[in-house]
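Dear colleague,

I am passing on the structure we spoke about, together with a short account of what came out of it. Please look it over first and then read the notes that follow.

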Amino acid sequence: MTTISRTLGKVSFALFLGMICQVSTAAQNATPIAGKQPQQADQQFKLLKSHFLKALWVADPDTAMGAGKFDHAAKLAIPNQQSRDAYYAFLQKWLLAFDRIKEDQLSVNEQTDFALIRNYLRSNQWYLKTFREFEWNPTQYNIGGSFDAILNTDFAPKPQRINIAIARLEGVPAFYAAAKASIRQPTMEHTRLAVQQSAGALAVLDALANAVQEQNISGHERQVFDTRLRLAKAAITDFSAWLGELEKGLTPSTARSFRIGKDLYEAKFAHDIQSSLTAEQAYQRALVAKDDALQNMEKLADQLWPSVMNGVAKPDQPNKKIAMVIEKLSANHVEASQLFNEIRRQLPVLEQWIREHDLLSLDPKKPLVVRETPVYQRGVSVASIEAPGVFRPHDQTYYNVSPLEGLPPERVESTLREYNHWVLQILNIHEAIPGHYAQLQHANQSPSVIKALFGNGAMVEGWAVYSERMMLESGYGNNAPEMWLMYYKWNLRTICNTILDYSVHVLGMSEAEAKDFLVNQAFQTQAEANGKWLRVQYTSVQLTSYFSGYSEILAFREQLKQEQSATFNLKQFHEKFLSYGSAPVGIIKKLMTKS
């Protein structure tokens, strides 16, 4: 999983004032007129894009920070209704500006930027007016991530970053007051998670306090900081306690269901995934892919049975046979105390394999740091990549892994069996090399800021899933049947993510049905099934991004292989595909076939 943030209308009204005039002026000065040649139309469109991005950084400082722009980081946007209304107006004005563009006069590359910007604007409007997650998902209100970014991104000397964080600290009480006023009929599940993650926000403020102490700030500045820190911590503590009391009064009849239903699901799928398929069609495709994966797994289980099962009678039921082989093999896993060391050891091995087999260019100068997942991010996934913004490509990328310390022994063992000797390697391929870490390296080198900035989750996750298959096809793992069986187990998880997500949010699958499906049809451990049930309650549609993107990338590759025959070059395909940033697969396909 990769961390791609979406900021939904978190903008202060003061920052918004004056933007409307800029929009109108920019549109008048930069709109292409009929009869313009593509080169002229492109130049005018690029000018409008430039005005739009400058306006966006002011209107949405959190999105700006995510992109690596910290000019307005000292201002904490207050998530109140006034701000949301102002941001909606901002989006509408820019939609009108871009609607004046003669799309058919643009070059293909600029047409795709145009489509991404329009989708971004319309999507955010839909999130504000229709999805309205700010009313029912309290996890949206956590200041931990932004302060963490300011403290740990080297965009300015440390004393200056600390001063920015101190200035931002002033808005924390108003932020949480607005959060309380915004929340209406929350879900029980998101409320519970928000209480848990609030502790992480306090931990980040403790880190800020330590940084202030190290800088020896004293006098009036220290008094200001101490006051703001005390009020900020009190606001977080009060918000957490308020949520705790709110949770006590929530029941299935009074709380909003975490299930978003078919209409919202289809609309969200269209905005987020940007696929040629509907959500229901993607679900049906996943059902077929599941059967194909199971057939391959049965063949591998038959092949491995004599050497793995030591004379145990082979059952007739295919799923039971597969499960028994996986259960036996899964005992081969790293010790809990060595998990982080083993992940760090494997990364250069994967990098060397990529270079030796000439699969993809990598930049060894871009640092990848394996660390424990920050507390304010825990509770959703086992591992994730946290990449720098497009304007700061040389900053550290974090490979976040949830620690196992303090967990019950049976849960630790179950987690380690899920991420056994073979699956842990596939996880590192997915999250790091040549998955998310490598893909985002290339995305940040894209000449189109738009394609890197408005990243499509299905392309990003789809590439990571594709990279797993690509590595095994290149011979990684010595083509061992154990590695291929575990690959299919992992790939089946990708497929079943789509089936699970749609079944839960649209078809009403129960917790018992979901866990039975994951354990007995997808061969996941109980710990993984428990965690996935939590995740499917906290998120919607995101779990479909893996299979959706992967299936489209693989189909496109196979199409080009057939068309180009002997001239097809795998590395050239990879580098060309990744050169378009994190655009939707359909857009990349259009660019690659038109160029």
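Accessible areas here come from the Shrake-Rupley method with a 1.4 Å probe. On that basis the protein chain of this predicted model exposes about 24,200 Å², and carbon and sulfur atoms supply 50% of that area. Of its 595 residues, 57% count as buried.

As for the fold, the secondary structure of the protein chain comes to 26 helices and three strands. The radius of gyration is 25 Å, close to the 25 Å that the globule rule gives for 595 residues, so the chain is as compact as a globular protein of that length. Taken along the principal axes, the box filled by the C-alpha atoms is roughly 75 × 60 × 50 Å. When one considers contacts between residues at least 6 apart in sequence, 80% of them join residues at least 24 apart.

Turning to the interior, the largest nonpolar core has 184 residues, of which Phe52, Phe98, Tyr399 and Phe577 touch the most other members. Helix H21, which spans residues 481-505, contributes the largest share of this core, with 14 residues. If residues up to four places away in sequence are set aside, Phe52 touches Trp94, Phe98, Ile117, Tyr120, Leu121 and Phe454.

Finally, on charge, the protein chain carries 62 positive and 60 negative charges, and the mean positions of these two sets are 5 Å apart.

With best regards

Note on methods:
Residues are numbered from 1 along each chain as its sequence is written. This is a predicted model: local features need pLDDT of at least 70, side-chain atom pairs count only at pLDDT 80 or more; totals for chains, interfaces and linings use all residues. Side-chain values use heavy atoms; hydrogens and water are left out. Helices (H or I, at least four residues) and strands (E, at least two) are DSSP runs, numbered from the N terminus. The radius of gyration is taken over C-alpha atoms; the globule rule is 2.2 Å times the number of residues to the power 0.38. Buried means under 20% relative accessible area, exposed over 50%, partly exposed in between (1.4 Å probe, protein chains only). Contact means heavy atoms within 4.5 Å. Lys and Arg count as positive and Asp and Glu as negative; His and the chain ends are not counted. The place of a charge is taken as NZ of Lys, CZ of Arg, CG of Asp or CD of Glu. A nonpolar core is a set of buried Ala, Val, Leu, Ile, Met, Phe, Trp, Tyr and Cys residues joined through side-chain atoms within 4.5 Å.
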